[in-house]
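Biologist: I'm new to reading structures, so could we go through this one together?

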Amino acid sequence: MTERPPRPGPSAPVSGVPASPAAGHTAPAEAPEQPFAEVLGSRVVYEGKVVSLRVDEIALPHGRKATREVVEHPGAVVVIALDESGEVSLVRQYRHAVKRYLLELPAGGLEPGEEPLATAQRELREEVGVEAARWTPLGYFFSSPGFANEILHVFLAEDLVPAYAEPDEDEDIAVVRYSLSELYEHPECIEDAKSLAALLLLSGATKAGH
């Protein structure tokens, strides 16, 4: 196990989180900021290829102490690739954690030092076999903040052209296409939270006229 010193206090930003909403979006009014918990100690108990697990000992704002298990993730992107006919490219792939094939939007993790847009461009090319001339950031969200620090950045990709698909060797992927209207009318066909959240962001941006 690797011991870590206490983490920065309340003024420290969350790594990878934009300071403001995506261009063209207005953030809803927020409640007054509450004090953060004080981190008394932190240790890493597992380091894997994709995630790490750390255990924090914290002092809550009201004075009580608690232990929190946190899954550390470098962050990821989700891409909505929309073609000129109004169809969206999705991938059907096996997810061992739930032991089933899921229908998802193209997505992938950030490499060290990689900007989210570069990750989105790489993942779209590798998984779907297309490139986009026009990219629009739609916003971001935390995947499961109750126990993980993963943040996902969402992009709309348009003006698509064919490219050479090159999925990872350990990925079992089939590309399928649905009309955007079908996905909005039948969201139950998607059981993947990040894909549903990304489509919600696109819906909001479309209604706002962006």
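Biologist: Let's start with E111: is this residue buried, exposed or partly exposed?

Modeller: Buried means under 20% relative accessible area and exposed means over 50%, with partly exposed in between, using a 1.4 Å probe and protein chains only. E111 has 45% relative accessibility. So that puts E111 in the class partly exposed.

Biologist: Anything I should know about the model itself?

Modeller: It's a predicted model, so local features need pLDDT of at least 70 and side-chain atom pairs count only at pLDDT 80 or more, while totals for chains, interfaces and linings use all residues. Residues are numbered from 1 along each chain as its sequence is written, and side-chain values use heavy atoms, leaving out hydrogens and water.

Biologist: Okay, where along the chain is E111 found?

Modeller: Helices (H or I, at least four residues) and strands (E, at least two) are DSSP runs, numbered from the N terminus. E111 is found in the loop between β8 (107–109) and α1.

Biologist: In what order do the elements run from the N terminus?

Modeller: There are three helices and 11 strands to place. Reading from the N terminus, they go β-β-β-β-β-β-β-β-α-β-β-β-α-α.

Biologist: Now E123: which residues does E123 touch, skipping those up to four places away in sequence?

Modeller: E123 sits in helix α1 (residues 116–128). Its relative accessible area is 7%, so E123 is buried. A contact means heavy atoms within 4.5 Å. Leaving out residues up to four places away in sequence, E123 touches V77, A107, G108, G109 and V128.

Biologist: What share of the chain's contacts with a separation of 6 or more joins residues 24 or more positions apart?

Modeller: Let's start with the chain itself: of its 210 residues, 36% count as buried. Among contacts with a separation of 6 or more, the share from residues 24 or more positions apart is 59%.

Biologist: What about K99: is K99 buried or exposed?

Modeller: You'll find K99 in the loop between β6 (87–95) and β7 (100–104). K99 isn't a glycine, yet its phi is positive, about 50 degrees. With 59% relative accessibility, K99 is therefore exposed.

Biologist: And D159, what is phi of D159 near?

Modeller: D159 belongs to strand β10 (residues 151–162). Its relative accessibility is 42%, so D159 is partly exposed. D159 is a residue other than glycine with a positive phi, near 55 degrees.
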